[in-house]
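I opened my notebook for a slow walk through this model. My plan was to begin with the overall build and then look up single residues and contacts.

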Amino acid sequence: NMYKEDFRSMTEESRNSSDFSAFTHSNTTNAILITAYSVAFAGGGIGSITMSFVLVNMNTLSVTTTAIINLVVVHSLLLFTVPFRLHYYVNKKWVFKMAFCKIVSAMLHIHMYLTFLFYVITLVSRWLIFFQWKDKVEFYRKLHAIAASAAVWVFVMVFVVPVLFLEYGRFGSYSDTTCFKFQNELQLESVKALNYAIIVAVACITCVLLGLQIFILVKVARKLSTSLCSHQEFLAQVKNLIFICVIIICFLPYHLFRAYYIQHVKDSNYLESYNEVFLSLTALSCLDLLSFMLSGS
């Protein structure tokens, strides 16, 4: 009986470990992930290259231009990691090192929050001009723009990247052939608290941005009263909605689902797959540069 129990426990452990290390996404989920990242890679690549040519010919030192330059950089960094994600989803096996898996995984989150930050900076700088608190929001010297950008990137490299790299996969045993499965960390109370704080912050900031932009649009509409679409001021404010729409479409669904996912992370593997799908939506924010070009922003 003792030997039977030992054998049974060993069998269960091996089955659990094999289940955990196996590629758990269904064919449908996998197809969605491949499609989402392929669209992000193609559209984001075209948008980043096109915007780079536009920015090279601009001499302005405005905060908006600096934010867009940083946006091109952060999109480009994400796009560099996307082919490795696609390779994994197509072959259903991670053939690179686990350390590189952590970098590729972390990059998607770093990209999401830096993009969010640069959106907020761009909108705030435009609103300061609209409310006539400032005639123009710009850096006095190119060195100041570089220093401000460098400060953001140094903060990310010194404080964010090492923490993500050290914490990912620290509290669970993960297979070397499987990537992007770090949900064990969500069982820690400190990680849960941090996630909830980020979810609330993103949701609240999004609501404030949307509310303020609608207020501005109504104010401009009342001021102009007729033929709104022919007025440059109104169209400029409508174009600001592109930023907010990207946040609502790409970032907000992931955070809202994340709140539910954290509570039920142990319930089924399907939730982990759904979380990956919502996370893939955040990569579609790379299409923003293309939409800026097409809308003439």
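**Entry 1: the overall build**

I started by counting secondary structure, and I found nine helices and zero strands in the protein. Please keep in mind that this is a predicted model. Reading along the sequence, I wrote down the pattern α-α-α-α-α-α-α-α-α. I also looked up burial for the protein: of its 297 residues, 41% count as buried.

**Entry 2: the salt bridge**

How many salt bridges does the structure hold? I found one. Its partners are R85 and E276, and their closest N and O atoms are 4.0 Å apart. I then checked where the two residues sit, and the pair turned out to link distant parts of the chain. R85 belongs to helix α3 (residues 63–91) and E276 to helix α8 (residues 269–283), with their positions 191 residues apart in the count.

Is R85 buried or exposed? Its relative accessibility is 1%, so I noted R85 as buried. For E276 I read 5% relative accessibility, so E276 counts as buried too. The cut-off I used here is under 20% relative accessible area for a buried residue.

**Entry 3: two helix pairs**

Next I looked at how some of the helices pass each other. Helix α2 (residues 27–56) and helix α9 (residues 288–295) have axes that come within 7 Å and cross at roughly 55 degrees. I therefore put α2 and α9 down as oblique to each other. The crossing in which α2 passes α9 is left-handed.

My other pair was α4 and helix α6 (residues 189–224), whose axes come within 12 Å and cross at roughly 30 degrees. That angle makes α4 roughly parallel to α6, because angles under 35 degrees count as roughly parallel. I looked up the hand of the crossing of α4 and α6 as well, and it is left-handed.

**Entry 4: three buried residues and their partners in space**

I picked L123 for a closer look and found it in helix α4 (residues 98–130). L123 has 0% relative accessibility, so it counts as buried. I then asked how far the C-alpha atom of L123 is from that of L241. The two C-alpha atoms are separated by 9.4 Å, although L123 and L241 are 118 residues apart along the chain.

V74 came next, and its place is in helix α3. With a relative accessibility of 0%, V74 also counts as buried. Its C-alpha atom is separated by 9.9 Å from that of S48, and these two residues are 26 residues apart along the chain.

My third pick, V156, is in helix α5. I read a relative accessible area of 5% for V156, so this residue is buried. From C-alpha to C-alpha, V156 and L114 are 9.0 Å apart in space, against 42 residues in sequence.

**Entry 5: a nonpolar patch on the surface**

I stayed in the neighbourhood of helix α5 for this one. Which residues make the nonpolar surface patch? I listed V154, F155, M157, V158 and F159, and the patch they make covers about 520 Å². I looked up V158 separately and found its place in helix α5 (residues 142–167). At 48% relative accessibility, V158 counts as partly exposed. I set that beside V156 in helix α5, which is buried at 5% relative accessible area.

**Entry 6: a backbone angle to flag**

My last stop was K92, in the loop between α3 and α4. Why did I stop there? Most residues other than glycine have a negative phi. Phi of K92, however, is near 60 degrees, a positive value in a residue other than glycine. I checked exposure too, and K92 counts as partly exposed because its relative accessibility is 38%.

Definitions and conventions. Residues numbered from 1 in each chain as written. Predicted model: local features only at pLDDT ≥ 70, side-chain atom pairs only at ≥ 80, totals over all residues. Heavy atoms only, no water. Patch = residues over 30% accessible without salt bridge, like charges linked within 9 Å, V, L, I, M, F, W, Y side chains within 5 Å. Areas by Shrake-Rupley, 256 points an atom, 1.4 Å probe, with all protein chains shown as cover. Salt bridge = Lys/Arg side-chain N within 4 Å of Asp/Glu carboxyl O. Helix = DSSP H or I, 4+ residues; strand = E, 2+ residues; numbered from the N terminus. Buried < 20%, exposed > 50% of the residue type's maximum accessible area, 1.4 Å probe, protein only. Axes fitted to C-alpha atoms, helices over the stretch in contact; angles between N-to-C directions. Parallel < 35°, antiparallel > 145°, perpendicular 65-115°, else oblique. Left-handed = near helix turned anticlockwise from the far one by under 90°.
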